Amino acid sequence: MITLVCFALLLAAPQAMSREPVRMAVLAFDAPDKVRQRWQPTVDYLNAHLDEHKLVLLALRPHQVDRLVQHQSFDFFIGNAVKSLQLKQGYGSSQLLSLKPLGGRDPAFAVGSAIVTRQGHQMDNLQSLRSQRLVSVSQQAFGGFIAFWRELDQQGLHPLSDFPFLKFVGFPQSKLLHQVASGNADAAIVPTCLLERMESSGQLPKGKLAVALPLDVAGPCVSSTRLYPYSSLSKMGHTSNRLARQVARLLLDLEPGSPAANIGRYEGWTVPVDDSHVYALLKEIRLWPFNADWRELWPEITPYLLGLASLLILGYVHHLRVRAMVTRRTAQLQQEMADHRQTQEDLEQQQRGFYKAQRVLLTGEMASGIAHELNQPLASIRYLTQGCQYRLESESLDRGALNQGLDRIADQTDRARDIIRKLREFCARTSQQEPVELSALVKETLALMAPDCRHNRCQIELKKPVSAGVITGDPTLLQQVLVNLMRNGMEAMLSLPEAQRRLEIGLTHSGDELFLSVRDRGPGLSDAKLARLFLPFESDKPDGLGLGMTICKRIVEEHNGRIEAQGQQPGLALVCHFPLRSTP
């Protein structure tokens, strides 16, 4: 016999261990512990008759129901008609059964609101409540507040704006009546039958409190509002229909006097009752979908609000820190920009001095040609002066010849003075940006370089036609480029016979560009030397610094142009490209 019992237990153990958990949520308008004590026997009754599933009881506040239903966190729901209707409309739940209240009341007309005051307290109509100290549990309490709201709305009153002394004091509901009995409140909005139940249980003395503004409604309890359906059982949309049928059948078979019904304070279950007038109630008072009770939500959302406040404070501190860093960095950048401008000005000053020094160096290289050029007018002056002296000493004075000699002396003096003036201007002229007629500048430079050309036995050929064009630039620096290129060309041809020493100067334009070219007939440069022509300190001259072409390139680029070297047969051509000045 013992063996058979053990064998049966072994067979039943895996089945019991494999029972799938099913969550049954109960709406809690009272302390969750009390709600669980009330409904746990009903859940235990169902678990005792279900083989494949095990019900787990959840006591939830209204806002917890709203949050968990979105994640399908429960399978069955027991609650008032308002919340059940909300789940049906929003999440597709199905009403299975209606709860039968105690006292034989009709489950379709069992929930309402009662305005309870002290016995003898004068109250004629709803308008007289505006000056009363009212207390209620919560804005979401169906029988304790929402049913009463509809009666106020039909009288043109709003409970949240027209009743300045209304307070929501929370659970349990019994303390509302104790506040009225002690005089701390003038009236309480409570569910119908709460006064009768507390008087019958001895929690309140009979006759001390009374229901004000009673309506003629069916039932054993006095109500100040119309009556609505009692609580119901609903299955959620994802719940198995087979399981729902099993639960509904078991609850319908529950006897009125069973322990589950006694502790649960109900007589049993019945088929669903009509709840259309609940929907009409919510629509009339414009509470659809039902609003959450922020007083109940406050304990749960407080940590999130504190976290959000902390993030905002940290964000503001970070903003102040970034702002301080930006201010400091901006000051640093402004100082760096000022230092950069000062450095740029210093470099420009040094560059201008360098250009001037290079012009002086060019003048020194041209010294032999200048000396030869000055010797001619000086020698002429000497000979003409001696001739004038001979004529003055002779007996026959020829005044006409004497005047002619003096005029020639003056001409030669002017010639020497012009040579010195041009060299001085080339060496000491200040730099400035202005419109430059490049053809006129070329002719002026040719006059300046004439002594050097004669000294080096070189012929200058100005190629025709000469294009007229105006560019924006510094005439001194541009002339310095041309002088440098011409001197390099003449020096490149020193090894040639005098008849072959010919330097070609060209000035043409194409589109919006002007081309200035200087070509010599010398031996030219190899490809390697041509590639390094404009690098600093690269020179074929024994005593050269290798900076002349670098300076030319820099000056041309400062005028938004470019310079290039082109190998010729024979010789080398250097071409400068300048943008033409736009006509205003």
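**Figure 1. Phe-74 and Phe-77 are both buried in this predicted model.** The ring centres of Phe-74 and Phe-77 are separated by 6.2 Å. Their planes meet at 35 degrees, so the pair is classed as tilted, given that angles under 30 degrees count as stacked and those over 60 as edge-to-face. The search that covered the whole structure returned 7 aromatic pairs.

**Figure 2. An edge-to-face aromatic pair is formed by Phe-145 and Phe-168.** The distance from centre to centre is 5.1 Å, and the planes stand at 75 degrees to each other. Phe-145 belongs to helix H5 (residues 142-154), whereas Phe-168 belongs to strand S7 (residues 167-168). With the two positions 23 residues apart, the pair links distant parts of the chain. Phe-145 and Phe-168 are each buried.

**Figure 3. One aromatic cluster contains Trp-39, Tyr-266 and Trp-269.** Two of its members are tryptophans, Trp-39 and Trp-269, and the third is a tyrosine, Tyr-266.

**Figure 4. Strand S4 is bridged to strand S10 and to strand S11.** Strand S4 spans residues 94-100 and runs antiparallel to S10 (residues 232-235), to which 4 bridges join it. Within this pairing, Ser-98 has Ser-232 of S10 as its bridge partner. Strand S11 (residues 268-270) is likewise antiparallel to S4, and 3 bridges connect the two. Here Lys-100 is placed opposite Gly-268 of S11. In general, the strands of a sheet pair through backbone hydrogen bonds, in either a parallel or an antiparallel manner.

**Figure 5. Five strands make up an open sheet with mixed pairing.** The strand order is S13-S15-S16-S18-S17. Strands S13 (459-462) and S17 (562-567) occupy the edges; each has a single partner strand, and therefore one side of each is left without a neighbour in the sheet. From one strand to the next, the twist averages 20 degrees.

**Figure 6. The edge strand S17 is paired with S18, and helix H17 lies across both strands.** Strand S17 is antiparallel to strand S18 (residues 572-579), and 6 bridges join them. Glu-564 is found opposite Val-575 of S18. Helix H17, comprising residues 548-558, runs at about 25 degrees to S18. As a general feature of regular strands, side chains alternate between the two faces of the sheet.

How values were computed: Residues are numbered from 1 along each chain as its sequence is written. This is a predicted model: local features need pLDDT of at least 70, side-chain atom pairs count only at pLDDT 80 or more; totals for chains, interfaces and linings use all residues. Side-chain values use heavy atoms; hydrogens and water are left out. Two strands pair if DSSP finds at least two bridges between them. Axes are lines fitted to C-alpha atoms, for helices over the stretch in contact, and angles run from 0 to 180 degrees between N-to-C directions. Contact means heavy atoms within 4.5 Å. Rings of Phe, Tyr and Trp (its six-membered ring) pair if their centres lie within 6.5 Å; planes under 30 degrees apart count as stacked, over 60 as edge-to-face and the rest as tilted. Buried means under 20% relative accessible area, exposed over 50%, partly exposed in between (1.4 Å probe, protein chains only).
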